[in-house]
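Biologist: I am new to this structure. Could you take me through a few of its parts?

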Amino acid sequence: MKITGVEIRTVEIPLVSPFRTSFGTEDVRRALLLRVVTDEAEGWGECGAGTAPLYSSEYTDAAADVLSRFLIPALSEVRDLTPHRVAPALTPFKGHRTAKAALEAAVLDADLRARGVSFGHALGAVRESVPCGVSVGIMDSIPELLDAVAAYLEEGYLRIKLKIEPGWDVEPVRAVRERFGDIPLQADANTAYRRGDAGHLAGLDPFGLLLVEQPLAEDDLLGHAELARRITTPICLDESIVSARAAADAIALGACQVVNIKPGRVGGYLEARRIHDVCAAHDVPVWCGGMLETGVGRAANVALAALPGFLLPGDTSASERYYRTDVTAPFRLRDGHLAVPAGPGLGVTPIPEILDAVTVATEWVPF
Ligand SMILES: CSCC[C@@H](NC(=O)CCC(=O)O)C(=O)O
Ligand SMILES: [Mg+2]
């Protein structure tokens, strides 16, 4: 496979409704879509960084810059480039994992399309569809939250995740439990609490949550291990799990009992699979997280979520959860599941006129 260059597209897509978390509110998704052009096929990858460095230190425009100035030029120096040689070639550059993940995914997609192999098959998928949960933002009132949850349950979602923060935690969880009974329910704090909040977080224990996600800072593994001894709700880590080694350390320290795997956060789908394997070796259940991906990233996430160890519904929601019009054919929920694309590579491709309508910048980086 000979790569001629990579196109970096910055897209801006309005969300169907503002999405509020403990670190802010997003109403437009500013994302990067990479198109790797080779002599045999074109491959696509999506960068899941946020518009601002609020979820992690990465953000969309920084990813575009590091891809253009460092990561893509570094790849162009690699002889006989294959998807498995992408991450090693990018190791000299520190961080920027979502940018690296997008580039590796695009090279992998091009290679798989050229060979007629699906993403799911290449990763080791064992299912043709995956059970889906949905992430529900912080709302202005409990009635508004209950209406939103009722609508998602009506659509067929198999698990509800509530964003929480100090001042919006025990009460909304209690209200959802009281209204909807024992539905699969979990909470995500996005690092909003401190070690001293352990007693307050124990207030979630009576509600039988599947897990509480990333209550403490991303670098506070010992704090999570201490918290795990203070509360009965299983702890799931997200922001802390930046690699397979970080997953092994967190498990060894007792800092988590469940892991949210996000390929962008960990540098790519191949590292995501390694984390899956590390967790499976320790009987730690995993599920696939989300970064409001368009159909490009969503296709890859759904393929990953079909691996054997993904035992819990992920944040792999339908396209319409976030977008009125997706850049690819929309992912539609059927009986609470999304079908794993079966075509070569990602199995989906951006629709040119839709993609052009949401593109705010493009840059061609030749090899
Ligand atoms: C803008 S919030 C992105 C990070 C967040 N993601 C979600 O809540 C799920 C988003 C999605 O459905 O893609 C998380 O911390 O898990
Ligand atoms: Mg999370």
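Modeller: A residue counts as exposed when its relative accessible area is over 50%, and as buried when that area is under 20%. Keep in mind that the model is predicted.

Biologist: Is lysine 94 buried or exposed?

Modeller: Lysine 94 sits in the loop between helix 2 (86–90) and helix 3 (97–115). Its relative accessibility is 67%. Because exposed means over 50%, lysine 94 counts as exposed.

Biologist: Which residues coordinate the magnesium ion (ligand 2)?

Modeller: Along the chain, the donors follow the spacing D-x24-E-x24-D. Their distances to the ion are 2.1 to 2.3 Å. The residues are Asp188 (OD), Glu213 (OE) and Asp238 (OD).

Biologist: How many residues apart in sequence are the parts that glutamate 213 and aspartate 238 tie together?

Modeller: Both glutamate 213 and aspartate 238 are buried. Glutamate 213 belongs to strand 8 (residues 212–213), while aspartate 238 is in the loop between strand 9 (235–237) and helix 9 (244–253), so the parts this pair ties together are separated in sequence by 25 residues.

Biologist: Where around helix 9 do its buried residues lie?

Modeller: The buried residues of helix 9 are Ala244, Ala246, Ala247, Ala250 and Ile251. On the other side of helix 9, Arg245 and Ala252 are exposed. The buried residues cover an arc of only 160° around the axis, which means that they lie on the same side of helix 9.

Biologist: What covers the buried residues of helix 9?

Modeller: Helix 9 is followed by glycine 254, which has a positive phi near 75°. The cover over the buried residues of helix 9 includes strand 9, helix 8 (221–228) and helix 11 (269–281).

Conventions:
Residues are numbered from 1 along each chain as its sequence is written. Chains are lettered from A and ligands numbered from 1 in the order in which they are written. This is a predicted model: local features need pLDDT of at least 70, side-chain atom pairs count only at pLDDT 80 or more; totals for chains, interfaces and linings use all residues. Side-chain values use heavy atoms; hydrogens and water are left out. Helices (H or I, at least four residues) and strands (E, at least two) are DSSP runs, numbered from the N terminus. Buried means under 20% relative accessible area, exposed over 50%, partly exposed in between (1.4 Å probe, protein chains only). Donors are N, O and S atoms within 2.8 Å of the metal (3.2 Å for Na, K and Ca); water is not among the atoms, so sites may look incomplete. The arc is that of the directions from the helix axis to the C-beta atoms. Contact means heavy atoms within 4.5 Å.
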